[in-house]
Amino acid sequence: MSQQSTAPVHRLVTAPAGRIHLVEQGSGPLVLLVHGFPESWYSWRHQVPALAEAGYRAVAVDVRGYGRSSRPGGTDAYRMLELVEDAVAVVEALGERGAAIVGHDWGSAIASNSALLRPDVFHAVGLLSVPYVPRGGPRPSEVFEAMGGEEEFYVSYFQEPGRAESEIEPDVRGWLAGFYAALSADTMPAPGAPSPYFVGRGGTLRDRFPAGPRPAWLGEGDLDFYAGEFERTGLSGALSRYRNMDRDWEDLARFDGAPVTQPSLFVAGGSDLAVSWLSDAVEAFATTLPDLRASHVLEGCGHWIQQERPAETNRILTDWLGSLSL
């Protein structure tokens with residue numbers, strides 16, 4: 001399905017958030033790419049041209065609160081229902097009737113919920129790093145509080161507005177470099193070292209970030225780009241996603257335990273601790289993702305799959321998309 005692709009184009013489109021910034025390249029069936037925390041459309045920089053070359057209209061967005069997209073006021077503006085509406089609005093603004101949606105990290109949750117809530121628009125769903133976890137169980141804040149024990153789980157640490165911002169924003173570039181390194185296979189803390197996912201009492205997340213070189217995938221220019229975006233926008237919009245998990249649990253009550261039935265894909269890094277934490281969700285895929293077409297674990301890969309292993313990720317995505325009727 002290879003074809004000559006056009007150059008990437010930056011656009012702003014109208015959405016419930018106000019405006020959503022996106023980068024698009026190529027023509028053909030629409031593939032919507034949704035990033036996670038703390039990233040931007042730029043985390044898909046290797047996939048956009050590869051998908052365009054393979055014959056798809058590849059579109060990577062800045063999620064509301066990030067980059068050049070609007071940053072609505074009020075924490076509850078970042079609940080999952082709002083982000084699903086943004087995704088639908090992008091498809092409509094591009095003049096399309098449907099799309100495959102692929103997400104990484106928080107983008108994976110946005111992608112799976114977009115497919116769950118709007119199957120008329122999203123006809124296939126790809127999930128990177130974070131498996132589909134149907135709504136259910138106790139209130140999320142209670143689960144995360146119990147995980148901490150004598151320490152504090154990072155999701156709980158992110159809950160209070162301004163708290164994590166006061167750690168990150170005085171040195172955005174340094175904090176991002178440490179956070180990316182902590183979750184990358186080639187730079188993450190050694191087994192047995194204090195976990196960077198937990199905060200010691202009275203401490204900060206960066207206390208446990210690894211010292212030393214940056215991950216191999218993170219060039220000087222890449223770090224400059226990410227740091228420049230967050231230095232301009234601040235972190236509150238991005239962190240507000242974490243601060244809506246209880247609201248999401250309430251909003252999505254009618255979908256308790258619901259499967260995502262569209263053709264799906266799952267890809268995870270073998271060194272990503274999040275996958276082992278969510279192993280029960282992976283084991284439940286026969287029920288929760290009944291049309292799972294492919295599942296891959298990339299050994300020696302951490303959390304930032306599409307940046308740590310771009311060529312392999314591109315091959316997996318194009319093979320999966322090529323097997324679909326889009």
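This report walks through a predicted model of a protein, going from its overall build to two of its residues.

## Overall build

Let's start with the fold as a whole. The secondary structure of this protein comes to 15 helices and 10 strands. Measured against its principal axes is one way to picture the extent of the chain: the C-alpha trace spans about 55 × 45 × 40 Å.

The radius of gyration is 18 Å, which agrees with the value near 20 Å that a compact globule of 326 residues would have. Contacts across the sequence add to this picture: of those between residues at least 6 apart, 77% join residues at least 24 apart.

## Surface and charge

Of the 326 residues in the protein, 56% are buried. The exposed area comes to about 12800 Å², and carbon and sulfur atoms supply 51% of that area.

If you are thinking about electrostatics, the protein has 26 positive and 42 negative charges. The mean positions of these two sets of charges are 5 Å apart.

## Ser-129, a buried loop residue

Now for a closer look at one residue. Ser-129 sits in the loop that runs between strand 6 (122-128) and helix 4 (140-148). Its relative accessibility is 0%, so Ser-129 counts as buried, the cut-off being under 20%.

What does the side chain of Ser-129 reach at 2.8 Å? The partner is the backbone oxygen of His-303. His-303 also appears among the residues that Ser-129 touches, once residues up to four places away in sequence are left out. Others in that set include His-104 and Asp-105, along with Phe-266, Val-267 and Ala-268. Asp-272, Val-275 and Ile-305 are touched by Ser-129 as well.

## Asp-256, a partly exposed loop residue

The second residue is also found in a loop: Asp-256 lies between helix 10 (245-251) and strand 9 (264-269). Is Asp-256 buried or exposed, or does it fall in between? With 45% relative accessibility, Asp-256 counts as partly exposed, because that class covers values between 20% and 50%.

Leaving aside neighbours within four places in sequence, Asp-256 is in contact with Arg-135 and Gly-136. The side chains of Asp-256 and Arg-135 are joined by a polar contact of 2.6 Å.

For a sense of distance across the model, take Asp-256 together with Gly-174. These two residues are 82 apart along the chain, and their C-alpha atoms are separated by 40 Å.

Technical notes
Residues numbered from 1 in each chain as written. Predicted model: local features only at pLDDT ≥ 70, side-chain atom pairs only at ≥ 80, totals over all residues. Heavy atoms only, no water. Helix = DSSP H or I, 4+ residues; strand = E, 2+ residues; numbered from the N terminus. Rg over C-alpha atoms; globule rule 2.2 N^0.38 Å. Buried < 20%, exposed > 50% of the residue type's maximum accessible area, 1.4 Å probe, protein only. Contact = heavy atoms within 4.5 Å. Areas by Shrake-Rupley, 256 points an atom, 1.4 Å probe, with all protein chains shown as cover. Lys, Arg positive; Asp, Glu negative; His and termini not counted. Charge placed at Lys NZ, Arg CZ, Asp CG, Glu CD. Polar contact = N/O pair within 3.5 Å; in protein donor to acceptor, adjacent residues only side chain to side chain.
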